[in-house]
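This report describes a ligand site and a helix beside it. Please look over the sequence and the structure before reading on.

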Amino acid sequence: MIRIEAHAKVNVFLRVLRAREDGYHDLASLVLPISLADIVTVQPARELRVDVRGRRAEDVPPGGLNLALIAALALAEASTGGMGATIEIEKSIPVAAGLGGGSADAAATLVALNELWECALDAGALADIGARVGSDLPALLAGGPVLVGGRGERVEPAKVERLWWAVVTLDFPTRSPDAYRWWDEDGGNTGPSPWSILDAAERGDAETLGPLLYNDLERSVVRRHPEVGEALQALTQAGALGAVMSGSGPTVLGLARDEAHANEIADGFEGSIVAHGPP
Ligand code: C5P
């Protein structure tokens, strides 16, 4: 049996550069894994199956092809390893929330099955398979903060000192194809060069970083879902150093000075989560 923590991610900044011919968008983003995690366990079995358990299991749409299963099938196809395994996912990361939960589970599944099936694929080969499964996988396979480019397949390690976040989830999902399409429809705004963000993140300087956080998808999601804008405003009013939407939303993040400050902010938001990143 192999057990791996599948960490959620937040986007410290997310810059959408352009729409591409293939339907994706070129991005630049600082992807930060956080302490919030699902647990992925794999064990040998005759067939391939995925069991989702835990307090958020019922949020996973039934009948849908789980991304972890797609990852397992892609690995089986790319290697000469075994085909069978039971993949158990203990779900804590909110689903379709912009926190990369499904991608994190799929990334952890690739790593775990590579070991269980003795495929002996190196990190580069796993990232190539991951990129075919989903744009967030290469970043989440890296196992630390990364600067992401291309549609997500270009990944380089970044230095980030521990940052504390109040993670406020909203009770509706947003789908990434919608968020990117809305960005197109709204004329495609692109945020500033991120060098000052990278510098503040590297120093763990939350006071400087707070007002610099941005996500190019945010404005278009807020237009369609005013609740997201209200949550961002409420986070600022609650004393967050900065507030930003994560990924394609709808989760919003409040940056805090430290753990106590993150708890203080989170207290005002029912069901919110305090997390730090890197884990
Ligand atoms: O790669 P993934 O399956 O996660 O992407 C889901 C959808 O999100 C894509 O089909 C596309 O509409 C959008 N997307 C994008 N540009 C990216 C990543 C995702 O347009 N870099």
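What covers the buried residues of helix 5? The cover includes strand 1 (2-19), strand 2 and helix 8 (218-224). The model is a predicted one. In helix 5, the buried residues are Asp178, Ala179, Tyr180, Trp182 and Trp183. Just after helix 5 comes glycine 187, with a positive phi of about 95 degrees.

Helix 5 also takes part in the ligand site. Around the ligand stand Gly23, Tyr24, His25, Leu27, Gly134, Ser135, Arg151, Ser176, Pro177 and Tyr180. By class, this shell has four nonpolar, five polar and one charged residues. Tyr180 therefore appears twice in this account: it belongs to the shell around the ligand, and by the cut-off of under 20% relative accessible area it is buried in helix 5.

The polar atoms of the ligand have these partners in the protein.

| Ligand atom | Protein partner | Distance |
|---|---|---|
| oxygen | N or O atom in the side chain of histidine 25 | 2.6 Å |
| oxygen | polar side-chain atom of serine 135 | 2.5 Å |
| nitrogen | polar backbone atom of arginine 151 | 3.0 Å |

Taken alone, the ligand exposes 450 Å², and the protein buries 76% of that. Two elements, strand 2 (25-43) and helix 5 (176-185), each give two or more residues to the shell. The largest share, three residues, comes from helix 5. Strand 2 thus has two roles here: it contributes to the shell around the ligand, and it is among the elements that cover the buried residues of helix 5.

Technical notes. Residues are numbered from 1 along each chain as its sequence is written. This is a predicted model: local features need pLDDT of at least 70, side-chain atom pairs count only at pLDDT 80 or more; totals for chains, interfaces and linings use all residues. Side-chain values use heavy atoms; hydrogens and water are left out. A residue is near a molecule or strand if one of its heavy atoms lies within 4 Å of it. A polar contact is a pair of N or O atoms within 3.5 Å; within protein, one must be able to donate a hydrogen and the other to accept it, and residues adjacent in sequence count only if both atoms are side-chain atoms. Accessible areas come from the Shrake-Rupley method with a 1.4 Å probe; for residues, only the protein chains shown count as cover. Helices (H or I, at least four residues) and strands (E, at least two) are DSSP runs, numbered from the N terminus. Ala, Val, Leu, Ile, Met, Phe, Trp, Tyr, Cys and Pro count as nonpolar, Asp, Glu, Lys and Arg as charged, and the others, Gly among them, as polar. Buried means under 20% relative accessible area, exposed over 50%, partly exposed in between (1.4 Å probe, protein chains only). Contact means heavy atoms within 4.5 Å.
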